Every structure is written in structure tokens, then in C-alpha cells.
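Please work through the exercises below with the sequence and the coordinates at hand, taking each solution one step at a time.

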Amino acid sequence: MAPTAQAAEPAAKEQRGGAGGKPAVRCHPALAEGKASIRSVVGELLASAGGGGGGGSVISLGIGDASAHACFRRGGEFAADAVADAARSGAFDCYAPSHGFPAARRKVFDRPGRKLFHPYDQIATARCYRAVAEYLSAGARHGTRDSDVFMTVGGTGAITAIVTVLGGASGANILLPRPGFAPYESACELVGAEPRYYDLLPSRGWEADLAQVRALADGATAAIVVINPNNPCGAVYSAQHLLQIAETARDLRIPIIADEVYAHMVFDGSKFIPIASFAHIAPVITIGSLSKRYMLPGWRLGWLAFCDPNGALKQVRTATEMLLNVTAGPASIVQAAVPKILSNEHKEFHQNVVSSLESAADALHRRVNQIEALQCSSKPQGSMFMMVEINTSVLYGVADDIDFARELIKEECVLVLPGSVIGLKNWVRIFFGAPVSLIMEACDRIESFCRRRKLKESH
């Protein structure tokens, strides 16, 4: 991702020196470069929103937060009730442990009949870890133990932690999907790991190019990241493709970082299969969270879970525990609510979410393909995103996807994410976690924009 002009100029001045020629106070070089992030690009686009289209009302299809719409929260009161009970009890106002201790799973006595009071409510914390382990083990080939679960500050916290642990060795590289999720690249750069990109192939339903994966890997490759269900493409990988990925990782002697934040959010006849089902072939480290399936992104609760039946990740697991001992974890009252939230009592809530997403994905795919300058050949089967290709050659004043997104929000107040930010030029990522009526209005505005910008055919 290229630095923005605004960020690059101050960085250059810092390197030349501060005011009065005094030496500049230096910072981490990866942060001084001013590279574009999803948030920074979205912020710039929103700042340039014009007053066209909906009379100034912005339709945001650029950020993956379906919880902003009441139709996706219907029946989700159980989560608020669970955390409210935890808060009212007063039992979780203390610090929570950074990870699960063996002592958290049994009563501790200094002598028979006398319980030692610990500064943490470790029993409640143990229940949180156990709840995640049971949630991940349901229907899986390999069970997850509560001792193999680590709570993090959202899914992004899990990304930062595992990339730090695996990518911190000198000269390490990590294989990332392209298009992908930008925080992986940022995490690599912060720890000094080299991100190497393997392509997802639109002509094959966004499956990974595994021949390219093999060509990219070397002795310093620390892991491969696989996002399934996929953000940003909406793909849901078959058991056969997941097996191929696991066999590739085995041959390369690397673990799989399985980003399953959108686990179970599948439709159109697809089935979600945890990559940990193939952990007997290659070790798997799963990333999950409450953010998407439970519509709770602001609660910032995520996890890392190790599935390692052959014992290849013992050192990695220990290092993860050490790292999380010196970093902040999720709020204690949210952890205390996890067992109730992850219980199997919320089928209607989940069915409503999936049904709403499927209707929105169908409508968006159908409508986008009616717009001459746009094409989506692969309809999403899961997650909340769809990748759409732009034919810039038929649009006046639109040289690339950045121009498309910038001019669209100026003229029609519709926000989409430029594909360049996530590794795919002249595509855009469109979020469909919104009511169908809103998506249709956005598509009408996008079509109006493309019609105005359409180049007249020469005679």
C-alpha cells in the first residue's frame, strides 16, 4: 500500500530534523512511512463525501459492521443480558488473568478447609476458556482443550499476537492471501517479518493458488494465513481445497493460521468446515471472535486456539502465553459473559443473521451485474463481502479503483473500499451486511454514477 502524500511529507521532515535544526525524535520506521490502512482510506473517503445521490446521506458499504443495522441484531438480547449480569454481580471488577492458569480450573487451598482468595476470579476465567474450547470442538474431528485457548482484544489482537510470535525471528516471512485483510501486513511490518503474497483466483471461486504458495515458501517461512469464510471475497472453501491447503502446509513444514472470524456465516448451500479438522496433517492456529457472528464488534473479544495433535507447536504455544502475560486482554465482564453467549440456545438469532446476509448477497450480486462497468463473476457464499471488478476503460475520469471510490462518494455519497488497499487493483470490496433496501438504493446510485461517467462510443 502506497504512502499517502499527507503522511509521507511529515515523515520526510522528521528524517531531516525538527524545528531549529535539532535532531528529530525517531519512531518505529514502519509507523513513520505513513502507509495507507483501511481506516485511513475510509476516513479520507468519508471526508470527501459530497451532497449528491441521497441528499447528503452516506450509504456505507465500505466497513464490515452489520451490527449498525437493527435487522441483524434481532434476537441478540442474550449477549447484553449476559454482560449486564456479570457487571451487576460485582465479581468481575478485578483484573482478569492474561491467559488461563492451571489453578484457574480447580479450587486452591493453603491448608484443608481454607480457600486462598486470588486477585482474579480464576474459576470464571476458566469457564470462559472452556466455553470457547467447547464451541470450537463441536462437530470437529479434533477437540480443543481449554488450555489451548488464549483470549485476545478482538480478532485483530489475535492477529497481532500470533504474527509477533511466529514472525519475530530474524528473516522470517509469512504467506498472506491477496486480496486479503490489511492488518496482517501491518502486523508483519511491525515485527520485521516479510509479507509474501499468494493469489486467490477469481476464476476458481477465489481458491488459493497453491502452486504459487510452494514457489514463494522457503526455509524462513513461518506460517501461511488462510481466511475462511473469506474476507474480502466471500468464498467458502470446500473440504477438498482445505485438504490441499493442509497438505501443502505439511510439505512446507509450516503451520496454518486459520482466520475463521466469519465461521458458520455461510449460505447458498455452502458448509463451513474448520481448518482444524485437518490438524493431523498440519498444525492449525485458529483466530476467532464475537465480532461478526454475534454482532458484537465493539466488545473486542477474540481468541487464538491451538490444534496441534502431533505436538509441533509446543514452543509457539509457550511463547504465545509469555507474550500475552505482558499485554492487555479483553475486559473481565465480557469474558465472564462468554459461556452464555457461546451456548447453543440462540439458533433463531443466527438463522436470522444468515438469512439476512443471503438475501443481501443475492440482491447485490444480481444488481451489480446489471451495471455495465462492473462485474462480479463469483457470488459470495459466506462472510459479508463481495469483490467487484471495474472496467475503468469505459468510465470518464476514472483511471483506477481509487478514483472510482473517491469520485463515487463525492457524487453519490456511497462508500466502497478500493481494492488496491487489500491487494487487488481495479476492483472494489462491497459490504453487504445491510438491509436489502439500502443496498438497492446504493446500487441505484452507483449505476447513476457509471451512466454519467460512461464514455461515448466513437463513430
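The exercises that follow concern a predicted model, and they move from its nonpolar core to its empty spaces.

**Exercise 1.** Identify which members of the largest nonpolar core touch the most other members, and which helix gives the most to this core.

*Solution.* Begin with the core as a whole, which holds 137 residues, and among these I162, I256 and F404 touch the most other members. Turning next to the helices, α13, which spans residues 347–368, gives the most to this core, with 8 residues. Finally, take F404 and set aside its neighbours within four places in sequence: the residues then in contact with F404 are L374, I390, L395, V398, V416, V428, I446, F449 and C450.

**Exercise 2.** Describe the lining of the largest pocket, stating which residues lie nearest its centre and which helix gives the most.

*Solution.* The space in this pocket comes to about 820 Å³. Its lining is made up of 29 residues, and R39, T156, F181, P183 and K292 are those nearest the centre. Sorting the lining by character gives 13 nonpolar, 10 polar and 6 charged residues. As for helices, α3 (38–47), α7 (154–167) and α8 (182–191) each supply at least two lining residues, and α8 gives the most, with 5 residues.

**Exercise 3.** Determine what lines the second largest cavity, and how its lining divides by character.

*Solution.* The structure holds 2 cavities of 30 Å³ or more, and the second largest has a volume of about 30 Å³. Its lining consists of P202, W206, Q375, C376, S377, S378, M387 and W427. Of these residues, 5 are nonpolar and 3 polar, with no charged residue.

How values were computed:
Residues are numbered from 1 along each chain as its sequence is written. This is a predicted model: local features need pLDDT of at least 70, side-chain atom pairs count only at pLDDT 80 or more; totals for chains, interfaces and linings use all residues. Side-chain values use heavy atoms; hydrogens and water are left out. A nonpolar core is a set of buried Ala, Val, Leu, Ile, Met, Phe, Trp, Tyr and Cys residues joined through side-chain atoms within 4.5 Å. Buried means under 20% relative accessible area, exposed over 50%, partly exposed in between (1.4 Å probe, protein chains only). Helices (H or I, at least four residues) and strands (E, at least two) are DSSP runs, numbered from the N terminus. Contact means heavy atoms within 4.5 Å. On a 1 Å grid over the protein atoms alone, a cavity is a set of points where a 1.4 Å probe fits but cannot get out, and a pocket is an open set with protein on both sides within 12 Å along at least five of seven lines; lining residues have an atom within 4 Å of a point. Grid points are joined across faces, edges and corners, and a volume is the space filled by probe spheres set on the points. Ala, Val, Leu, Ile, Met, Phe, Trp, Tyr, Cys and Pro count as nonpolar, Asp, Glu, Lys and Arg as charged, and the others, Gly among them, as polar.
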